[in-house]
Amino acid sequence: MWRCTGPRWSRSESGDAGRRYVQGLGWYCAERGAERVSPLPAGKVLAFSVRGERRCLGVRRGGRRTPCPYAAVLDGASAKDQCPSCAGLDRSRSVAADTMADDPRPYAVYLAYFGPGLLKVGITAVERGSARLVEQGAVAYAWLGRGPLMAARRAEALLGSALAVPDRFGKAAKRAARRVLPSASERAAELSQLHGRARELAGWPETLEPVAFECVDHAELFGLDRIPAEVAELGVPEAGAEIVGEVVAGVGADVYLRLRRAPVTAGVGESPGGQVVSGDTGVAVLDLRVLSGWVLGAASGAVTTVPVREGEAGRGVGGGEGGAGQEGLF
């Protein structure tokens, strides 16, 4: 039985010498101990139903996944795909949780841009390249420095204390910022300004090698120009719910779908005799993390039955939102 493991960004075999990525859905079969990824390119038609119970995906470490020993049932409304026991084990040896300070790998400090005024600082293992920036949906980014883990951590903390640069933004803030993006040159200019200010700070770790400014923009990779001005929001699926639609764009953990919606009955004055008319095929955004832990099968119908909220919620650019904070750092 294959269970969905949520969003996965994989390196594409085509484009920019293989350095580009494609969004997909990950899958895990505990019985086989196997994993795979299904690409979600623009134009792909999805038609699936949510089946059974949502269960914990266990712990993935060292390239291998260990199944949850309790086969724990998860809350379908959460983006988390682990039970408390597996989450605790995961964090017991984690750079993100500061429980792996002896990690010998080199780390990179980056500045990520999500929209006007939404710039954050973060770190990622050098061997991961730009994967972390793609996974979190950074519209643009620039490397700031490279060196040992603790030096990278000190630089991250320095930017937070001296320049008030945050290390995370919530899902709602990121989505809202995509609707008001300036030009690519303006995005690069805002990143460049912060990059320069950061390099001028006193107390820069000596073992952290500075990196000259170079802006990398993900607008084309994500397909941001295909996202319409008005976007609805898909609710949390439950067992038996179905999602039918065409992929428009993918940004971080979000996928934008042109949905096939259920027909509605027109009222008096809208259609002769109150006839049943076809539903709209608007675009809605779905956080793919809420699919993790579910078994997904072929849809039996031709329309989306998951609740759809018109207009994206939380359009402000404040901090996080309940139950939907930043994804895991590494």
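Strand S2 (residues 21-29) is joined to S3 by 6 bridges, and the two run antiparallel. Strands here are DSSP runs of E with at least two residues, numbered from the N terminus, and two of them pair if DSSP finds at least two bridges between them. The structure is a predicted model, in which local features need pLDDT of at least 70 and side-chain atom pairs count only at pLDDT 80 or more, while totals for chains, interfaces and linings use all residues. Residues are numbered from 1 along each chain as its sequence is written, and side-chain values use heavy atoms, leaving out hydrogens and water.

The pairing of S2 and S3 belongs to an open sheet of 3 strands, ordered S1-S2-S3 and antiparallel. At its edges lie strand S1 (2-11) and strand S3 (34-39), each paired on one side only. Within the sheet, cysteine 29 stands opposite alanine 34 in S3.

Cysteines also invite a look at disulfides (pairs of cysteine sulfur atoms within 2.5 Å). The whole structure contains 0 of them. Cysteine 56 is unbonded because the closest cysteine sulfur, in cysteine 86, is 3.7 Å away, too far for a bond. Cysteine 56 is buried, with a relative accessible area of 8%, and cysteine 86 likewise counts as buried at 5%; buried means under 20% relative accessible area, with a 1.4 Å probe and protein chains only.

Confidence is given by pLDDT, the predictor's score for each residue from 0 to 100. Its mean for the protein is 86, and 85% of residues reach 70 or more. Over residues 265-278, however, pLDDT stays under 50, as it does over residues 312-330. Where pLDDT is low, the predicted coordinates should not be read in detail.

Terms used. Helix = DSSP H or I, 4+ residues; strand = E, 2+ residues; numbered from the N terminus. Contact = heavy atoms within 4.5 Å. Buried < 20%, exposed > 50% of the residue type's maximum accessible area, 1.4 Å probe, protein only.
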